[in-house]
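Biologist: Hey, got a minute? I'd like to go through this structure with you.

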Amino acid sequence: MTQSSIEISLAGKAALITGAARGLGAEMAHTFARAGASVIITDILEKEGQATAAEINNSGGTAVFIRHDVTSESDWENVVASAVKQLGGLDIVVNNAGIEICSLFENTTLEDFQRILDINVNGVFLGLKHACKAMKPGGIAGKGGSIINLSSVAGLRGYSGLSAYCGSKGAVKLLTKAAAVEFGQLQYGIRVNSIHPGLIPTNMGEAVLKGFVDLGLGADEAAVQQAFERGTPLGMKGEPADIAKAALFLASDQSPWVTGAEIVVDGGSTAC
Ligand SMILES: NC(=O)c1ccc[n+]([C@@H]2O[C@H](COP(=O)([O-])OP(=O)(O)OC[C@H]3O[C@@H](n4cnc5c(N)ncnc54)[C@H](O)[C@@H]3O)[C@@H](O)[C@H]2O)c1
């Protein structure tokens, strides 16, 4: 048997990634651009979003930043129309924007709970709705494609201090499956999958460590980190690139029969 290597390419594809000014979204934007995709970076952080787009363009890729609040339906309508106009199509949408709140149940305000659902769940719902309308046959992009939703290990199991976040990410897991089934059965040519990262060092990952200390769930950040380390068979070595590689596979034509899947990238923590 001859040895052959598979290089994953997104050449000729147009991708929209929400919350991509920084963190996992920015890493996915860089990775997709290196694989040949044209990328629309959206976020509420304008300065950081412009800077990420400039970094990609300066290193030979193609990226455009558009300000976009994922909780706004009119923003979604504008951003999808603008993505199709500027990139000539839309093949990949990553619903990545999200927030976390570290708080015990008894101290979580309804306002905080609703805010996290608004961004993490309503934002993904709107993304699925408007991506589907554009990508399905007869839509303004019309060629089908791949939608990827960022859930979490917290969408698969419970964590103290993360009730609102767990609830929101569990909802993302099943919104993903419902969309995968519906878009598949309607033969839209749109695959929908979720990624479930373990703790990754980004602004959010660091805020979770700090939040656990503030809640008294560990003496200090090192102690919290050690507790995660003990519960992770491969150790806490996860980086944004690990998530971007999983997203690259799901975004590409290398995963044509993968839909409704939960891709867990967590060093084995949820297998314990
Ligand atoms: N880092 C981790 O440990 C981890 C683990 C599991 C899942 N996740 C998920 O991965 C995704 C990315 O997280 P991250 O670690 O890069 O976090 P991050 O805080 O670094 O980045 C999140 C981005 O989302 C943007 N955002 C927030 N509200 C928005 C809104 N209303 N509209 C548009 N953009 C908005 C932020 O401005 C920010 O740029 C999130 O959905 C998060 O829940 C992260």
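Modeller: Sure, start at the ligand: one of its nitrogen atoms is 3.0 Å from a polar backbone atom of valine 70. That's a polar contact, meaning a pair of N or O atoms within 3.5 Å. Keep in mind that this is a predicted model, where local features need pLDDT of at least 70, side-chain atom pairs count only at pLDDT 80 or more, and totals for chains, interfaces and linings use all residues. Residues are numbered from 1 along each chain as its sequence is written, and side-chain values use heavy atoms, with hydrogens and water left out.

Biologist: OK! What does a polar side-chain atom of threonine 202 lie 2.5 Å from?

Modeller: An oxygen atom of the ligand. The protein buries 95% of the 830 Å² that the ligand exposes when taken alone (accessible areas by the Shrake-Rupley method with a 1.4 Å probe).

Biologist: And how many residues surround the ligand?

Modeller: 28, and Asp43 and Tyr165 are among the closest. A residue gets in if one of its heavy atoms lies within 4 Å of the ligand. The shell has 13 nonpolar, 11 polar and 4 charged residues. Here Ala, Val, Leu, Ile, Met, Phe, Trp, Tyr, Cys and Pro count as nonpolar, Asp, Glu, Lys and Arg as charged, and the others, Gly among them, as polar.

Biologist: Which element gives the most to that shell?

Modeller: α6, with 3 residues. Helices are DSSP runs of H or I with at least four residues, strands are E runs of at least two, and both are numbered from the N terminus.

Biologist: New topic: where is leucine 199?

Modeller: Leucine 199 sits in the loop between β6 (190–197) and α6. Its C-alpha atom is 14 Å from that of isoleucine 101, though the two are 98 residues apart along the chain.

Biologist: What is leucine 199 in contact with?

Modeller: Skipping neighbours within four places in sequence, its contacts are Gly205, Val208, Leu209, Phe228 and Met236. Contact means heavy atoms within 4.5 Å.

Biologist: Back to the ligand: what about arginine 22?

Modeller: An N or O atom in the side chain of arginine 22 is 2.8 Å from a ligand oxygen.

Conventions. Polar contact = N/O pair within 3.5 Å; in protein donor to acceptor, adjacent residues only side chain to side chain.
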